[in-house]
Amino acid sequence: MLNFGRARNQARAARSMALGGMDYADTKRKGNFVGKIFLAAAFTALCIIMIKRSPSLTTPSPFSIREPGVTHVLVTGGAGFIGSHAVLRLLRDSYRVTIVDNLSRGNLGAIRVLQDLFPQPGRLQFIYADLGDKNSVDKIFSENKFDAVMHFAAVAYVGESTLDPLKYYHNITSNTLLVLESIAKYDVKKLIYSSTCATYGEPEKMPITEETPQVPINPYGKAKKMAEDIILDFSKKSDMAVMILRYFNVIGSDPEGRLGEAPRPELREHGRISGACFDAARNIIPGLKVRGTDYKTADGTCVRDYIDVTDLVDAHVKALEKAQTGKVGIYNVGTGKGSSVKEFVDACKKATGVNIKVEFLPRRPGDYAEVYSDPTKSRLELNWTAQYTLEDSLKMAWRWQKSHRDGYGALTAVL
Ligand SMILES: NC(=O)c1ccc[n+]([C@@H]2O[C@H](COP(=O)([O-])OP(=O)(O)OC[C@H]3O[C@@H](n4cnc5c(N)ncnc54)[C@H](O)[C@@H]3O)[C@@H](O)[C@H]2O)c1
């Protein structure tokens, strides 16, 4: 073993020998020694004062501790359309919220709105991170104490999923697995998972109940179904409370006009019918293309179940409250009423006051004729029912669209 102590003593001895016999040298050494001790003491005292004064070092972040009476929810994808509305509702209901989003599809503007509404410390934090990065996900869970996770983050366009299936399996299935691993490792008690009616595919019988067989027909639906299966298998070995919510077609925006739907312009081509209607009403596109008029439906156009985003987040909060340790709940979140594309366009014309030009084209491959939910189970077990009509919902969405011509980019006056 090397004896460092002895070597040091020897060196010191050598130094003193070189100075030996000279009194002044000895006195100077003593003075240096006292001075060094004094300096060290002063420095230590200064450090202690600084540490005591620094709030970040004395007080742990409220997000990193469990506080009795406070439920801390991790909202993945909280910068997106549905996630931001969920955060608004959670904050209004006194939850503590952490948003994790990589802003690949969401809007920083939505987070700014939420931060302005809830600026108090310990209410809302935003973490910019990609859920595909295992180390980042682990770090987020290790540094924060979550009571529940609402996992919204996902790429979510059926058309895009057929063009780039691997992106969908990676972003939806694989990222859910990573989130779940951290949920397990850090013992988070509740998970509310955003699933979709696309996991049912094209069932023969309508309306769709939670018992309807899941036979997804596109990569988006398949990736979500796989994520559901992973969650269900894990839940068998854990006491985590799980709620899987299968949404139908989500529309609308915050009734008070603070948040709305603002997808990236480059995603327009994959976009949803409400976005296309509003774009047509604002003359961003020349008109609306309705694909397929020969389906076996009352007016020949496809039928969908349009659920308002405020109603949808209400179902999430109810699911969060009702989630039970070691149990799984699976719920359809829809109105139970199908509306045809023609009916949707008429409602949109009414809501916007614009006589939107409509072009009728042949069917788009992969579209199913009719999809609408049976929301009985949600009503009975979650005490949840959709409140907004299609027209109400479109009116609210239009109000936001009119006042946010560039999405969250630049606010313009309400017309
Ligand atoms: N909008 C609908 O009609 C609908 C219907 C059924 C289910 N859903 C589901 O609801 C959820 C939310 O959908 P939305 O319409 O709000 O979509 P959105 O695109 O507006 O929001 C998704 C958010 O997730 C974020 N995100 C994506 N990948 C990420 C990653 N790897 N790491 C971190 N953040 C990431 C995006 O930046 C975005 O902010 C999705 O899971 C979607 O599948 C939506």
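The dialogue below goes through features of a predicted model, one at a time.

Me: Where do I start, and how many helices and strands are in the chain?

Reply: The chain has 14 helices and 13 strands. Of its 415 residues, 39% are buried. Among contacts with a separation of 6 or more, 80% are between residues 24 or more positions apart.

Me: How do I read a sheet, and what is the strand order in the open sheet of seven strands?

Reply: The general idea comes before the case. Strands of a sheet pair through backbone hydrogen bonds, and the pairing is either parallel or antiparallel. Here the open sheet of seven strands runs β3-β2-β1-β4-β5-β6-β11, and its pairing is parallel. At the edges are β3 (124-128) and β11 (328-333), each of which pairs on one side only. From one strand to the next the twist averages 15°.

Me: Take one pair from that sheet. How many bridges join β5 to β6?

Reply: Seven bridges join them, and the two strands run parallel. Strand β6 covers residues 241-247. One bridge can be located by residue: Lys190 has Ala241 in β6 as its partner.

Me: Which helix lies across β5, β6 and β11?

Reply: That is helix α9, residues 219-236, which runs at about 155° to β5. The loop between β5 and α9 contains Pro207. Met206 and Pro207 are joined by a cis peptide bond, with omega about -5°.

Me: Is there a strand pair to look at beyond β5 and β6? With which strand does β8 pair?

Reply: β8 pairs with strand β13 (residues 358-361) in the parallel sense, over four bridges. Within β13, Phe360 is the bridge partner of Val290.

Me: Which side chains of β8 are buried, and which are not?

Reply: Along β8 (residues 288-291) the side chains alternate. Leu288 and Val290 point to one face and are buried. Lys289 and Arg291 point to the other face and are not buried.

Me: Now helix packing. At what angle do α6 and α8 pack?

Reply: Two packed helices are described by the angle between their axes and the distance between the axes. For helix α6 (residues 134-143) and helix α8 (residues 165-185), the angle is about 30° and the axes are 10 Å apart. Their crossing is right-handed.

Me: Which residues make the contact?

Reply: From α6 the contact uses Lys134, Val137, Asp138 and Phe141; from α8 it uses Leu178, Val179, Ser182 and Lys185. By class these contact residues are four nonpolar, one polar and three charged.

Me: Turning to the ligand, how many residues surround the ligand, and which are the closest?

Reply: There are 27 residues around the ligand, the closest being Gly77, Gly80, Gly106, Ala154 and Val250. The shell is made up of twelve nonpolar, twelve polar and three charged residues. At least two shell residues come from each of α4 (81-92), α8, β5 (190-196) and β7 (249-251). Helix α4 gives the most, with three residues.

Me: How should I read backbone phi values? What is notable about phi of Leu103?

Reply: Look for a positive phi in a residue that is not a glycine. Leu103 has one, at about 55°. Its place is the loop between β2 (96-101) and α5 (108-117). Asp187 also has a positive phi, near 55°, and is a residue other than glycine. Asp187 sits in the loop between α8 and β5.

Me: Why does Leu103 count as partly exposed, and why is Asp187 exposed?

Reply: The reading depends on C-beta neighbours within 10 Å: 12 or fewer is exposed, 20 or more is buried, and partly exposed lies in between. Leu103 is partly exposed because it has 15 such neighbours. Asp187 is exposed because it has 12.

Me: Last, a contact between distant parts of the sequence. Where does Gly407 lie, and which residues does Gly407 touch?

Reply: Gly407 is in the segment after α14 (390-403). Leaving aside residues up to four places away in sequence, Gly407 touches Asn107 and Ala262. Gly407 and Ala110 are 297 residues apart in sequence, yet 9.6 Å apart in space, C-alpha to C-alpha. Gly407 counts as partly exposed because 18 other C-beta atoms lie within 10 Å.

Note on methods
Residues are numbered from 1 along each chain as its sequence is written. This is a predicted model: local features need pLDDT of at least 70, side-chain atom pairs count only at pLDDT 80 or more; totals for chains, interfaces and linings use all residues. Axes are lines fitted to C-alpha atoms, for helices over the stretch in contact, and angles run from 0 to 180 degrees between N-to-C directions. A crossing is left-handed if the near helix is turned anticlockwise from the far one by less than a right angle, and right-handed if clockwise. Two residues are in contact if their C-beta atoms, placed from the backbone, lie within 7 Å. Ala, Val, Leu, Ile, Met, Phe, Trp, Tyr, Cys and Pro count as nonpolar, Asp, Glu, Lys and Arg as charged, and the others, Gly among them, as polar. A residue is near a molecule or strand if its C-beta atom, placed from the backbone, lies within 6 Å of it. Two strands pair if DSSP finds at least two bridges between them.
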